[in-house]
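Biologist: I would like to learn how to read a model like this one, feature by feature. Could you take me through it?

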Amino acid sequence: MSFENAKAYSEGNNYTKVYTKVLLDEFFDWIEWRKDGKDSVLDIGSGPGNTIRVALYPRLSSNFSRLVLSDISEPMVELQKREFAGIGRVSCEVLDIGVEIDGNLARKLGTFDHVTSFFCLMWIKDQQQAMDNIYSLLKPGGDCFLVIVADSPVIDAILSVCEKPRWKEYFTGWQDFYVYPYRMLDEAKAKALKFMERSGFEDLKAEFRQDPFEFGSDKAKENFLKSMPSKFAKNVTAEEEEEIFQERLQYFDQFVLGQYRDNAGRIEKPNTYLILYGKKNK
């Protein structure tokens, strides 16, 4: 991801910031916070850092020991550093949670009381490796709190172009990038919990939460859709990329996306989130 695209994401993810706050309001007590307040936290897939800055960081005890933000994208990590500039006990690292973690990086990171992740893990092809890594990054007795997009109108919009004759060659192998492993909702909980059990997690919890998109304007809706990552199998011009976006936007517009417009005849489909929790044995 380029720095420009990372900046675009940071300007379009207001919905993510708002709903992360909603989820933490409801599930904050799932996490077993230390009585002395000296918690260490690793967040995975922190993007530009603004969501963690407004939703998680203010909830930490004033004497937390450290907060580490991470992302696979170096430009995102640069934005994280800007977001938390001058704030102590916070650091930012490039981390690919979907592959085996290099020994030097593992030693640098150390282990944590808590690992969190919001709206990231649905992009990871190897879910077992991700869960194994999360487990290894926890201290004995530590826990994880994970929020994964299971199904959503925005997923439908993103995938709507991948098999179109006009664009098919641009998205060769799209299944390896647009993974979305929990779209089959009737089996999503069991599937995720199996990965966690294999990693060694105990005291497992899994719940769904559903929430409608509530954009306040067409601009907010378009910024959010533009903020979604794209990967092309061949070079794409700016004009072609805009064509692809417009086709996705047209598909996205079939859904109820807020009360600022006439929703007559539009499809009502909420976002479905899979909320996971697990503890590492002591």
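Modeller: Gladly! Let's begin with Ala 106, which sits in helix 5 (residues 103-109). Keep in mind that this is a predicted model.

Biologist: Is Ala 106 buried or exposed, or something in between?

Modeller: Its relative accessibility is 31%, and since buried means under 20% and exposed over 50%, Ala 106 counts as partly exposed. You can also look at what the fold brings together: the C-alpha atoms of Ala 106 and Leu 137 are separated by 7.8 Å, with their positions 31 residues apart along the chain.

Biologist: Now the strands, please. How many bridges join strand 1 to strand 2?

Modeller: Strand 1 (residues 40-44) and strand 2 run parallel and are joined by 4 bridges. To find your place in that pairing, look for Asp 43, which stands opposite Leu 69 in strand 2. Between the two strands the chain passes through helix 3 (residues 50-55), and this β-α-β crossover is right-handed.

Biologist: And what lies on the other side of the story, from strand 2 to strand 3?

Modeller: Another parallel pairing: strand 2 (residues 66-71) and strand 3 (residues 90-94) are joined by 5 bridges. Two partners to look for are Val 68 with Ser 91 and Leu 67 with Val 90. Here helix 4 (residues 74-83) makes the connection, giving a right-handed β-α-β unit with strand 2 and strand 3.

Biologist: How are side chains arranged along a strand in general?

Modeller: In a regular strand they alternate between the two faces of the sheet. As for strand 2 here, 5 of its 6 residues are buried, so the rest of the structure largely encloses this strand.

Biologist: Let's try a helix. How do I check the length of helix 8?

Modeller: Count along it at 1.5 Å a residue: the 15 residues of helix 8 (residues 185-199) should span 21 Å, and the end C-alpha atoms are 22 Å apart, which agrees.

Biologist: Which residues of helix 8 are buried?

Modeller: They are Ala 188, Ala 192, Leu 193, Phe 195, Met 196 and Ser 199. Looking down the axis of helix 8, you find these buried residues within an arc of 155 degrees, so they line one face of the helix. The elements covering them include helix 6 (127-136), strand 5, strand 6 (202-211) and strand 7. Turned away from the buried side of helix 8 is a face carrying the exposed residues Asp 186, Ala 190 and Arg 198.

Biologist: What follows helix 8?

Modeller: Gly 200 does, and its phi is positive, near 115 degrees.

Biologist: What should I expect of phi in other residues?

Modeller: Most residues other than glycine have a negative phi. Arg 89 is a case to look at here, with a positive phi near 65 degrees. Arg 89 lies in the loop between helix 4 and strand 3 and is partly exposed at 42% relative accessibility. Tyr 180 is not a glycine either, and has a positive phi of about 45 degrees. You will find Tyr 180 in the loop between helix 7 (153-159) and helix 8, where it counts as buried at 6% relative accessibility.

Biologist: Last topic: salt bridges. What is the general idea?

Modeller: Side chains of opposite charge can pair when their charged atoms come close. This structure holds 21 salt bridges. One of them joins Asp 151 and Lys 269, whose closest N and O atoms are 3.2 Å apart. That pair links distant parts of the chain, 118 residues apart: Asp 151 is in strand 5 (residues 138-151), while Lys 269 is in the loop between helix 10 (238-252) and strand 7 (271-279). Asp 151 is buried, at 11% relative accessible area, whereas Lys 269 is partly exposed at 23%.

Biologist: Which other salt bridges could I look up?

Modeller: Try Arg 209 with Glu 207, at 3.1 Å from N to O. Arg 209 is partly exposed at 24% relative accessibility, and Glu 207 is partly exposed at 28%. Then there is Asp 253 with Arg 261, with the closest N and O atoms 3.0 Å apart. In that pair Asp 253 is partly exposed at 21%, and Arg 261 is buried at 16%.

Biologist: Which residues are linked in a network of salt bridges?

Modeller: Arg 34, Asp 36, Asp 113 and Lys 139 are linked in this way.

Notes:
Residues numbered from 1 in each chain as written. Predicted model: local features only at pLDDT ≥ 70, side-chain atom pairs only at ≥ 80, totals over all residues. Heavy atoms only, no water. Salt bridge = Lys/Arg side-chain N within 4 Å of Asp/Glu carboxyl O. Buried < 20%, exposed > 50% of the residue type's maximum accessible area, 1.4 Å probe, protein only. Expected span 1.5 Å × (residues − 1). Arc of directions from axis to C-beta. Contact = heavy atoms within 4.5 Å. Pairing = 2+ DSSP bridges. Right-handed = clockwise from strand over helix to strand, strands pointing away.
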